[in-house]
Amino acid sequence: MEKPIQNPEKLRLQETYSQGKKWLKWGPYLSERQWGTVREDYSPNGTAWDYFPHDHARSRTYRWGEDGIAGISDQRCNLCFAVSLWNGKDPILKERLFGLTGPEGNHGEDVKELYYYLDSTPTHSYMKHLYKYPTDAFPYDDLVRTNAHRSKHELEYELLDAAPFDSSRYFDVFTEYAKADEEDICIRISVINRSEEAAPITILPTLWFRNRWSFDPKEQKPNIRIEEENGLTAMAVHPTLGKYHFSFQPAARALFTENETNAERLFGTPNTSPFVKDAFHRAVIQDDFDFLAGKEEGTKFAPLYQFQLMAGEKVEIRLRLTQNGQPINPLSTSFEEAFENRIAEANAFYSELQKGDDEDTRNIQRQAFAGMLWSKQYFHIDIPRWLEGDPGQTPPPAERKRGRNSSWMHLNNEDVVSMPDKWEYPWYAAWDLAFHCVPLAMADAEFAKNQLILFLREWYMHPNGQIPAYEWAFADVNPPVHAWACLQVYKIDKARNGKDDKSFLKRVFQKLLLNFTWWVNRKDHKGNNVFEGGFLGLDNIGVFDRSGFIPGGGYLEQADGTAWMAMYCLNMLEMALILAEDGEEAYEDVATKFFEHFVYISESLNRIGQGWTGSWDERDGFFYDILALPNDQYIPLRVRSLVGLTTLFAVLVLDEERLKRLPDFHERLKWFQKYRTENQQYLVIDNLHEGKDLLLSLVPQPRLERLLEALFDEGEFLGKGGVRSLSKFHHTPYVVQIEGQPFGLAYEPGESTTGLFGGNSNWRGPIWMPMNYLILRALETYHSYYGDSCKVEVPRGSGNWVTLQDAAAELSKRLISIFRKDESGQRPVHGDASIYHTDPNFKELVLFYEYFHGETARGVGASHQTGWTGLVAELIDGFGWK
């Protein structure tokens with residue numbers, strides 16, 4: 001039975017999904033980096049970073065989206081709002097976040113800014129963002145130059161390493177949104193001078209229309225103009241979005257221009273008008289406002305505020321965006337009431353959602369949810385249009401029609417999607433999104449379900465059944481975790497909301513069958529239930545690029561590819577059994593199919609039976625990839641990594657009550673067991689007895705125990721902050737000779753020292769949250785079957801023997817401890833950045849990095865990948881801090 005709703009935020013969610021209310025029409029859907037993306041790249045050979053660099057972004061119109069700081073937009077990114085700033089010293093306005101491109105960074109692309117997602121409700125009825133802006137000149141050149149001189153063996157040079165933050169010479173810029181109604185958005189910008197000296201600040205709260213009219217002759221150009229006689233309201237009119245009033249408090253100036261490319265600056269060709277995209281830069285930086293005089297309408301608008309803030313002084317700017325009706329004064333009492341009410345309701349929502357009373361842990365979890373919700377982004381690309389070009393525009397180079405993503409002609413995406421990181425990865429990644437949906441389901445289960453359904457729709461999924469990976473290469477192969485995510489979201493929704501949404505499972509099940517079939521047909525080279533798959537999202541984990549040419553001309557039988565498919569079988573099996581509980585025999589039939597397929601995969605991986613080349617190495621007690629060469633030579637690649645540990649993920653317990661409810665399936669299991677026993681074939685089921693639970697596991701118990709010895713060995717996988725991606729055993733480099741050529745790797749707990757896959761991620765030692773999450777959930781499942789009969793020493797050599805449930809709890813605590821303050825008040829995630837310990841305006845701020853140092857748990861990689869690292873919110877819910 002669904003639970004009754006009393007919380008106002010939950011009521012808004014219900015109104016959105018059940019009554020068609022538009023609480024989600026406006027949200028943080030504006031990207032934080034549209035430049036340097038594949039969808040804006042029209043180069044012959046796919047050089048996205050070079051084709052549209054940061055230097056062009058202020059002057060050049062985007063084709064497929066927009067970007068900004070702390071911004072919002074409608075769901076179709078037609079009308080956008082964001083904050084622009086100038087400290088009186090920079091050569092450009094701070095309109096968007098700055099960072100290094102892939103080729104510029106010594107460890108790949110990296111944002112060089114300080115910003116934090118502080119709060120958000122699921123409907124974005126309240127949101128809060130913090131941006132830290134230097135009072136001194138922003139060190140653009142210093143960041144580029146210093147990183148260029150650093151090698152891959154050195155740390156990245158960050159903004160905190162530069163001069164402006166040495167003496168707390170910065171502004172805190174808080175941007176808050178409170179929805180008084182679905183289409184009535186109150187905006188509050190608060191700027192505080194944190195330095196010890198007075199400093200100037202110019203603020204331009206900017207409203208603009210995305211330029212569609214330059215690329216589509218059918219698009220009518222929208223317009224913004226001053227409406228009120230007192231000059232404090234701009235009216236924005238769009239042919240499909242309608243009319244909006246943008247009210248603002250008295251300003252020094254009201255600036256208008258057009259969202260049009262400055263061709264003169266970029267390409268040396270004359271502009272038809274001086275009113276171009278970067279006009280505000282010229283006006284403010286050069287103090288040249290004359291050329292804008294008389295410009296009283298346009299497609300880009302900003303009231304301009306200029307202040308000289310004393311040390312510690314705060315200034316507040318209020319604005320309001322409303323649809324139709326009459327404009328509302330942002331200085332009215334209703335503005336304050338909207339913020340007071342929405343903040344109180346946000347607190348009530350999270351008070352109900354969160355457990356425990358540890359303030360630090362609650363703060364971590366709430367910021368994790370904030371990051372997840374702020375990371376929703378409008379994503380748009382139409383592959384046929386992108387390849388062919390737009391009417392009236394210069395035709396794209398012919399090479400593109402045979403290049404990147406040219407085989408995905410069906411793909412046409414225009415949706416709000418959960419992004420991994422809206423600056424470093426401002427494009428969806430299918431397997432990342434699967435993990436995003438787990439913590440998202442705690443806050444907004446319907447959004448999580450809709451995201452998972454979306455990627456199975458015909459305008460995403462390839463006709464052959466493949467799910468698109470990401471815009472850099474939609475055809476890349478990521479681990480098949482979509483079915484797993486669908487199950488987790490279904491279970492979370494049922495447990496938290498009392499909703500047994502089998503209709504959701506039915507919707508995804510049929511499409512997942514197509515995807516499963518694609519895997520079986522395309523990634524099983526010899527038809528022996530041993531799977532390939534390429535890098536499978538683990539970038540540089542192999543001794544060579546697993547997605548590229550395989551040395552020796554062979555192919556790679558991947559332990560992880562095979563394990564992922566075994567897990568996929570069990571996910572589909574469990575889903576089919578859930579659906580069969582309502583008496584639908586068709587699902588019971590297909591459950592048997594997935595059970596049998598799981599047995600075949602298990603047999604292949606474990607090398608049971610003659611002629612198999614399984615992955616298990618009895619001497620080492622580990623699963624390895626096998627290199628199959630054309631001369632029927634098989635070489636195990638003895639790398640102790642997550643590749644071998646993924647075999648733990650494929651585990652399912654079928655309780656006796658479920659088996660009783662499905663007697664036909666139960667009978668087929670018994671027949672299958674009898675048949676394979678009589679034929680001396682491998683049988684995953686060790687014990688199938690009446691009245692007993694049934695364990696389906698890819699790893700037999702003796703091998704499970706050996707894997708767990710390595711897993712909980714601090715000299716191998718177990719680190720301060722969780723399970724490492726590569727065993728510390730490989731401090732001594734591993735090298736294998738393949739046809740006389742050496743290939744190898746070594747344990748690297750932090751940044752990658754290779755350029756493989758761009759060099760901005762590393763799977764050779766660091767700790768990755770999603771893989772740890774899968775490990776601990778598998779341990780819980782094993783415990784539900786074995787109970788006290790199976791224990792593990794944690795850590796190895798300590799004499800502390802615990803159940804697998806307690807081992808999972810210990811792993812969870814280590815993962816949560818990455819973000820918690822230690823005894824000295826420092827958070828391991830922030831490494832040696834002392835400002836997070838010494839500056840009171842940094843102490844409670846938390847960043848959710850892409851991965852973490854295998855020794856110190858310092859954050860590494862993308863700094864705002866709340867995406868899958870946001871799983872910590874669900875861990876906190878499950879274990880808390882004991």
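Me: How much space lies in the largest cavity of this structure?

Reply: About 160 Å³ of space lies in the largest cavity of this predicted model. The residues closest to the centre of that cavity, out of 15 that line it, are A430, I467, N478, P479 and P480.

Me: What makes this space a cavity and not a pocket?

Reply: The term cavity applies because a 1.4 Å probe fits at its points but cannot get out, whereas a pocket is an open set. The structure holds 10 cavities of 30 Å³ or more.

Me: Which helices supply at least two residues each of the lining of the largest cavity?

Reply: Helix 10 (430-443) and helix 13 (502-522) do so. Helix 13 gives the largest share of that lining, three residues.

Me: How do the residues of the lining divide into nonpolar, polar and charged?

Reply: The lining of the largest cavity has 10 nonpolar residues, four polar and one charged.

Me: Why is T322 called buried?

Reply: The relative accessibility of T322 is 4%, and buried means under 20%; therefore T322 counts as buried. T322 is found in strand 17 (residues 314-323). Leaving aside residues up to four places away in sequence, T322 touches E183, D184, K243, Y244, H245, P327 and I328.

Me: What makes strand 20 and strand 23 a pair?

Reply: Two strands pair if there are at least two bridges between them. Three bridges join strand 20 (residues 555-557) to strand 23, so the two strands pair. They run antiparallel, and the bridge partner of E557 in strand 23 is I626.

Me: How do you know that strand 23 also pairs with strand 24?

Reply: Four bridges join strand 23 to strand 24 (residues 634-637), and at least two are needed, so these strands pair as well. They too run antiparallel; L627 has I635 as its bridge partner in strand 24. The hairpin of strand 23 and strand 24 has five residues between the strands, and D632 there takes a positive phi near 65°.

Me: What makes both faces of strand 23 count as covered?

Reply: In a regular strand the side chains alternate between the two faces of the sheet. In strand 23 (residues 625-628), D625 and L627 on one side and I626 and A628 on the other are all buried.

Me: How do you know that the span of helix 21 agrees with the expected one?

Reply: Helix 21 (residues 804-817) has 14 residues, which should span 20 Å at 1.5 Å a residue. The end C-alpha atoms of helix 21 are 20 Å apart, so the two values agree. Among the buried residues of helix 21 are L804, A807, L811 and I816.

How values were computed: Residues are numbered from 1 along each chain as its sequence is written. This is a predicted model: local features need pLDDT of at least 70, side-chain atom pairs count only at pLDDT 80 or more; totals for chains, interfaces and linings use all residues. Side-chain values use heavy atoms; hydrogens and water are left out. Buried means under 20% relative accessible area, exposed over 50%, partly exposed in between (1.4 Å probe, protein chains only). Contact means heavy atoms within 4.5 Å. On a 1 Å grid over the protein atoms alone, a cavity is a set of points where a 1.4 Å probe fits but cannot get out, and a pocket is an open set with protein on both sides within 12 Å along at least five of seven lines; lining residues have an atom within 4 Å of a point. Grid points are joined across faces, edges and corners, and a volume is the space filled by probe spheres set on the points. Ala, Val, Leu, Ile, Met, Phe, Trp, Tyr, Cys and Pro count as nonpolar, Asp, Glu, Lys and Arg as charged, and the others, Gly among them, as polar. The expected span of a helix is 1.5 Å times one less than its number of residues.
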